[in-house]
Amino acid sequence: MPRLTINGGEVEVPPGTNLIEAARKVGVEIPHYCYHPGLSVAGQCRLCMVDIEKTPRPTIACNTQAAEGMVVWTETDRVKETRRSVMEFHLINHPLDCPVCDQAGECWLQIYYMKHGLYEPRMMDEKVHKPKAVPLGPHVILDAERCILCSRCVRFCDEITGTGELGIFHRGDHSEIGLFPGRELANKYSGNVVDICPVGALTDRDFRFQVRVWYLDATKSVCPGCARGCNIDVHVNRRRPHHAEGRRVARLKPRVNADVNTWWICDAGRYGFTFVDDKTRLVTPSRRDGEAVTDVAWDQAVSAVAAALERAAPGEVAVVASAKMANEDLWALRRLLVHRGIRRVGFRIPPRVPGDEDAFLIKADKNPNSLGAELIGLEGNVRDLLAAARARQVKVLWIFGHDLFESALPEADVAAALRGAETVIFTGTSANATSERARWVLPAAAWVEREGTYTNFQGRVQRFRRAVEPLGQALAEWDILGRVLQALGAEATPPRAERWFRELAAAVPAFAGLTYQAIGDAGVMVTR
Amino acid sequence: MSVGNDAPGAWNRPPSGRAGLADPAPRVAFTAEQLAEARRLQSLYPDPRGALLPVLQMAQDAFGYISLPVEEYVAGLFNLSPAHVHEVVTFYTLFFREPKGRHVVAVCHNLSCHLAGAPEIVARLKARLGIEVGETTEDGKVTLQSVECLCACEHAPMMQVDDRYELGLTPEKVDRILEGLR
């Protein structure tokens, strides 16, 4: 392994490591635009110049591999002057429209100009004009004047998705990013080009002009869109609630996890959060009598549900759990089932259309926690369970989250099962055709409104954190189930998600030894 | 958030008169011999993509100009994304992306030729052909271009007509040359 010295600090790096990554290891940041650790080296932006002893001129760090005995200096006068000159070139034709640019506040032209530029502008000629506000596809919009031609987006489409939609056309100062005429940027991962664009050239059609980025707060989370559980940051707008029509979750951004999603997420996950602030959200517990729906207090709903469970024999209760619930919720449910001796349970509802899957990130199972539900012991045959309800053998049918009418189950069978059960309870975040047939509706907090963990298809237990308060009176499922357990006379139930997880880790061998601390930001594998 | 200029397609329609992909275009394909030649050219390079320029030149000769369907066809031969062929075609000025005349007249407008009277030559060509620089005569005979230095300063002013250099031009010589074009 080559040992080298960077700004006087010694570091040993694996062979093939370039100088940008080697410098990171000693806490030295080498400014760059075109280099991205997830993409090939282009050497396009020329900003990452460093001085290497015994070489006559500054050298680009991205395309220079660390070598034994190399002595690198990143802050010499010559390097600083080179950076200033490169910045000046990058900004020659840049429109400097920061006040109306959505990238402002997270733009590397702004950041590096303040850190490494700060020259007196000398540009006197008319700037070259290029296409502006060009929609490239459903999610991405291009301003070619702001582009610095780093080619990250082009390389992303070539190397990551293999779709090759983008190119750099024409030459010299007329060069511009674009699509083959008549095509669009509509691959399943297109939103990532906005993340990797270091400037305001590619912006997000969903997010732009909604809220300034400096009003956003970021919370570490996990995408609930499929069984992979890509690591994400949830960006929420708490400080300007009057912007973006009350939308609290402004956007989701991928968070690096080398073992799960590397730098990327798919578009389905990225834009799949809109239900959180949707009008269909359930916000108060309610009771339905025929057509009439009455809002009730939590205490009332909980004691009614507990009473219904107590009235029924264990064999007359059936539970359709959901693999969209967190491990903590599923463990709370498992405790309730054991407490009452209930055996009719299941969580796998066949989807109406099979989920799409690819060889990259997207998994066909659109639930984030199927493995967790399996390990916690909630496997069961939902078709049998619903058949029992149709045969009027089920008095209490408790459904979590699912809209059974939006599944591969025959609609008539579902309707008959819901009619056949004496009391239908629905717990979920959003109203649907199933919740509309439930006697009791208990509103659940969305994943961004609470703490919890999912177990992804690999067996990796990953934490998601609360980014916003639950809407209305919604509660996490573990909280709802804990209250019902208490009403049923169970011993004290944990008051926090973390404590439920501790119970789970103590009881289920697969989770043995795991804690929220151990899971950290990157997740930990279950024991299998 | 529906801003007017967000409307899909409002900005990225191909310029009128230029064949977009939506337009019905005649199917483009090399003859068997041309295809064999393209494959031979590809075999000359360690990476077949090295043959992209010569094959595009072949395509220009075969189809008259490099239309978008031609770019897509060539991309198919190289297993490349059409966007990458478009990159190459837009980079080089000698690829014509619109139909060109049977003859291409390219007048040098660089320093030596300019001082030696290129503006007069261009003016004569424009007057005789009835077109501006960059245009093609209505009968499709001549495309007029003005270009950078063609490395014949000692014979300024000069121009290139198809593959031939015409040197030491005068307006009268220009007339004779134009009359000689079929």
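**Close-up 1. B:Asn79 sits in the loop between helix 3 (68-78) and helix 4 (82-91) of chain B.** Keep in mind that this is a predicted model. The backbone does something a bit unusual to spot here: B:Asn79 has a positive phi, near 55°, and B:Asn79 is a residue other than glycine. Is B:Asn79 buried or exposed? B:Asn79 counts as exposed, because just 8 C-beta neighbours lie inside 10 Å and the exposed class takes in residues with 12 or fewer.

**Close-up 2. Here's a cis peptide bond in chain B, running from B:Ala156 to B:Pro157.** Its omega is near -5°. To find the spot, look in the loop that links strand 2 (142-147) with strand 3 (159-161) of chain B, where B:Pro157 lies.

**Close-up 3. Over in chain A, the loop between strand 13 (249-254) and helix 6 (267-270) holds A:Thr262.** A:Thr262 isn't a glycine, yet its phi is positive, at about 45°. How many other C-beta atoms lie within 10 Å of A:Thr262? There are 17, so A:Thr262 comes out as partly exposed.

**Close-up 4. Chain B, stepping back: seven helices and four strands.** Read from the N terminus on, the elements go α-α-α-α-β-α-α-β-β-β-α. Of the 182 residues in chain B, 24% are buried. What about contacts between residues at least 6 apart in the sequence of chain B? Among these, 57% join residues at least 24 apart.

Note on methods: Residues are numbered from 1 along each chain as its sequence is written. Chains are lettered from A and ligands numbered from 1 in the order in which they are written. This is a predicted model: local features need pLDDT of at least 70, side-chain atom pairs count only at pLDDT 80 or more; totals for chains, interfaces and linings use all residues. Helices (H or I, at least four residues) and strands (E, at least two) are DSSP runs, numbered from the N terminus. A residue is buried if 20 or more other C-beta atoms lie within 10 Å of its own, exposed if 12 or fewer, and partly exposed in between; C-beta atoms are placed from the backbone. Two residues are in contact if their C-beta atoms, placed from the backbone, lie within 7 Å.
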